[in-house]
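Dear colleague,

Here is the structure I promised to pass on to you, and below it you will find notes on one sheet, two pockets and one loop residue. Please read them with the model open beside you.

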Amino acid sequence: MTAPATWERMDAKTNHLAGKPMVLKFADPHEHLAPELLLINAYGTAVLRPEKKVGVLAYHVSPNFYRKSGLCHWKLVWEGKVAASGEFTIDPNTSRPPKLETYFGPRSITVGGADRSMLVAVATDPYDNVFPPGTPVTVKSQYQDTIRESTEQTSNFIAWKNIPTEKTSGRILVSASSLGTTSREMTTLIFPAPPTAFKIDFERNHAYADGNQIVQFRSNSIRDPYGNTVDDGTLVTFLIKNSKGHHLKTMGTTLNGIARASLLHPSEKEEWQVTAYVTGAAKSNMITLSFETAIADYTVRFSKDNRHITIGPLKSFMQQRVPDGIPIQLELFDAKGAFLESKKISSDQGMGSFELPAAYFTAGRYRLLVRTAGITKTYKLELQDHETQ
């Protein structure tokens, strides 16, 4: 059957309001025919069958089509052929105040003027359709005693505003409003910039290398180029170079801009060069610490067969017994100077002792080195066949 050419849309309205029920009506001089209506929009396609009345074909548009704004195409199809076609536009429903979606970030920036956060606002109707271009959005920001306000127009669905940083650390509060709808309060935190060079110093009870007392390192108030105190918890590394070229380190975190760290005194005469760093950001001045020897001398005693060696008592700068834990080292060489073994112990009650058992060291001549508190003593000894009990 040839498709009739007399079907015409009775309502030529090309704009409809989102959310308002729609019925597309066509004049129908052929009451025995029932063509289908094909609807196409950005969200999908639907096929509608008519409700037939005398001389009228009525097509009820489903909510998922009439609630979404945008262009909608229709085609009247009969036996696989398009008998009529057209289009209409569904406009956002602006009869009520919009819903306001806001996006704000980053939520933390640094001082100095180069950094910023951005507020993006989207005004939508009850069916999530974006309000038309040019919808006004008022943006307010508060920092300390200053409140700033500006009105932006939506374009390409959104309105946006850059919120610049300040030169002092703190927080900025931001809100947006549009046509009677107000957003929630949003916040961005302003953190200090990377710190500048700083100074360090130290405190200690005495300058003796007793291996017992604590030296405490301390920075001044560490600040960024704008005078802001660095955040609490900023890691500061104190790097120490001793007189042998070895490196030690200790670390501390800032509280109110000041970092503290501690290290045990060395157990022998030393000189430390100390520099502190905030990694990748700042460096301190260098300070020098000198430690005097606390142990001026010590005694080494041998058993009759020379297999039991006693070191001590070790006495400190006031002739008091040294604290436990002072390292003592013994190195053994044969008569020709070839190295045989090294033994290490820690002092206990100011004393230390070594055994040279016959099972490992046969009778004969040896050379012995004893090291502790930075003092080295050398001995030539002859081990006997049997150990003295």
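**A sheet, two pockets and a loop serine**

In this predicted model, four strands form an open sheet with antiparallel pairing, in the order β30-β29-β32-β33, where strands are DSSP runs (E, at least two residues) numbered from the N terminus and two of them pair if DSSP finds at least two bridges between them. The edges are β30 and β33, each of which pairs on one side only, and the twist averages 20° from one strand to the next, taken between axes that are lines fitted to C-alpha atoms, with angles running from 0 to 180 degrees between N-to-C directions. The antiparallel strands β29 and β32 are joined by seven bridges, and Glu331 stands opposite Leu369 in β32.

As to provenance, the model is predicted, so that local features need pLDDT of at least 70 and side-chain atom pairs count only at pLDDT 80 or more, while totals for chains, interfaces and linings use all residues. Residues are numbered from 1 along each chain as its sequence is written, and side-chain values use heavy atoms, with hydrogens and water left out.

The strands of this sheet reappear at the largest pocket, since β29 (327–334), β30 (339–346), β32 (364–372) and β33 (375–383) each supply at least two residues of its lining, with the largest share, three residues, coming from β29. A pocket here is an open set of points on a 1 Å grid over the protein atoms alone, where a 1.4 Å probe fits, with protein on both sides within 12 Å along at least five of seven lines, and lining residues have an atom within 4 Å of a point. The largest pocket holds about 210 Å³ of space, and of its 14 lining residues Glu268, Pro327, Gln329, Arg371 and Thr372 are the closest to its centre.

The second largest pocket has a volume of about 180 Å³, and its lining includes Asn242, His246, Ser267, Glu268 and Trp272. The elements that give two or more residues to this lining are β24 and β25.

Which loop holds Ser267? Ser267 lies in the one between β24 (258–264) and β25 (270–278), and it counts as buried because its relative accessibility is 19%, buried meaning under 20% relative accessible area with a 1.4 Å probe and protein chains only. Beyond its neighbours within four places in sequence, Ser267 is in contact (heavy atoms within 4.5 Å) with Ala209, Asp210, Gly211, Ile326, Pro327 and Ala373.

With best regards

Note on methods
Buried means under 20% relative accessible area, exposed over 50%, partly exposed in between (1.4 Å probe, protein chains only). Grid points are joined across faces, edges and corners, and a volume is the space filled by probe spheres set on the points.
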